[in-house]
Amino acid sequence: YASKEAGLRLMERLKKDRLLLGPAAGAHKAIGFLKVREPTQAVKGRTEIDLGEVKVTLVVAGEGHGAGDLIAWVQSEKVLYAGNLVWNRCHPNLVGGSTFLWIGSLAAMEKLDIQHVVPGHGEVGDKSLLANQRKYLIGLRTTVKHLARRKVTIDKIVAGVQPAKEYADYEFRVYWPRNLVFVHGELLRNR
């Protein structure tokens, strides 16, 4: 985690997610077995950990998805463990973060020398997962912003806006309407 405060916020978020997602259709089956432990170590900026045969660089990526987003970069293998900042072929859970900061974090990760990305959800892929996630978030923000400027109510946005064709078969469809509501509120707060 990035700080003690961020770690504790994340701990509370995981507890809430377990309660909210547990009974939901398509929820993570493993979440019931998740043991949330209090954080013990903070990472500031970048920290390199030598695991003997490999060095891992932990990077605080901001608060795009949630409190204290942390990524792990294995430079020698050109692998990025992106955690919940990348969801491959899944609608991401936006509640609790900032799509604006998230987009910036993805752009920064795209500058890293990587070939493989291990997402928080979905299959491992290549560097294009970062651009795909950024495109999803930008498209969502653009759509909601355009409709809000035309004074379309959030109820009508949720009822009438479907995911773009390229996202129609994404997993975790339950997050789509929530994401519309979250981005709408986010844009209103940041006027």
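**Figure 1. Contacts across the chain of the predicted model.** Among contacts in the protein between residues at least 6 apart in sequence, 61% join residues at least 24 apart. The model shown here is a predicted one. Its secondary structure comes to five helices and six strands. Reading from the N terminus, you will meet the elements in the order α-β-β-β-β-α-β-β-α-α-α. Of the 191 residues, 42% count as buried.

**Figure 2. A close-up of the largest nonpolar core.** In soluble globular proteins, nonpolar side chains tend to be buried together. Here the largest nonpolar core has 36 residues, and those with the most contacts inside it are Ile-71, Leu-80, Leu-130 and Leu-140. At least two residues of this core come from each of these elements: strands S2 (55-62), S3 (69-74) and S4 (79-87), along with helices H2 (99-110), H3 (128-149) and H5 (175-189). Helix H3 gives the most to the core, with seven residues. A good place to begin looking is Leu-80. Leaving aside residues up to four places away in sequence, Leu-80 touches Ile-71, Ala-72, Trp-73, Met-109, Leu-112, Ile-114, His-116, Val-117, Val-118 and Leu-130. There is also a second, separate core of six residues, which includes Val-43, Val-56, Val-74 and Val-79.

**Figure 3. Helix H2 against helix H3.** Two packed helices are described by the angle between their axes and the distance between the axes. The axes of H2 and H3 come within 9 Å and cross at roughly 155 degrees. The two helices are therefore roughly antiparallel to each other. H2 passes H3 in a left-handed crossing. On the H2 side, the contact is made by Thr-99, Phe-100, Trp-102, Ile-103, Leu-106, Ala-107, Met-109 and Glu-110. Helix H3 answers with Leu-130, Ala-131, Gln-133, Arg-134, Leu-137, Ile-138 and Arg-141. By class, the residues of this contact divide into ten nonpolar, two polar and three charged.

**Figure 4. Gln-133 and its neighbours.** Let us stay with one residue from the previous view. Gln-133 has its place in helix H3. With a relative accessible area of 3%, Gln-133 is buried, because buried means under 20%. Not counting residues up to four places away in sequence, Gln-133 touches Leu-85, Val-86, Trp-87, Pro-92, Trp-102 and Leu-106. Two of these names, Trp-102 and Leu-106, may look familiar: they are among the H2 residues that make the contact with H3.

**Figure 5. Helix H3 against helix H5.** This view follows H3 to another partner. H3 and H5 pack at an angle of about 65 degrees, with their axes 9 Å apart. Their crossing is right-handed. From H3, the contact is made by Tyr-136, Leu-140, Arg-141, Val-144, Lys-145 and Ala-148. From H5 come Trp-176, Asn-179, Leu-180, Val-183, His-184, Glu-186 and Leu-187. Eight residues of this contact are nonpolar, two are polar and three are charged. Leu-140 deserves a second look, as it is also one of the residues with the most contacts inside the largest nonpolar core.

**Figure 6. Val-174 in the loop before helix H5.** Our last stop is outside the helices. Val-174 lies in the loop between helix H4 (154-160) and H5. Is Val-174 buried or partly exposed? At 34% relative accessibility, Val-174 counts as partly exposed. Val-174 and Asn-93 are 81 residues apart along the chain, and their C-alpha atoms are separated by 9.2 Å.

Terms used. Residues numbered from 1 in each chain as written. Predicted model: local features only at pLDDT ≥ 70, side-chain atom pairs only at ≥ 80, totals over all residues. Heavy atoms only, no water. Core = buried A, V, L, I, M, F, W, Y, C linked by side-chain atoms within 4.5 Å. Buried < 20%, exposed > 50% of the residue type's maximum accessible area, 1.4 Å probe, protein only. Helix = DSSP H or I, 4+ residues; strand = E, 2+ residues; numbered from the N terminus. Contact = heavy atoms within 4.5 Å. Axes fitted to C-alpha atoms, helices over the stretch in contact; angles between N-to-C directions. Parallel < 35°, antiparallel > 145°, perpendicular 65-115°, else oblique. Left-handed = near helix turned anticlockwise from the far one by under 90°. Nonpolar A, V, L, I, M, F, W, Y, C, P; charged D, E, K, R; others polar.
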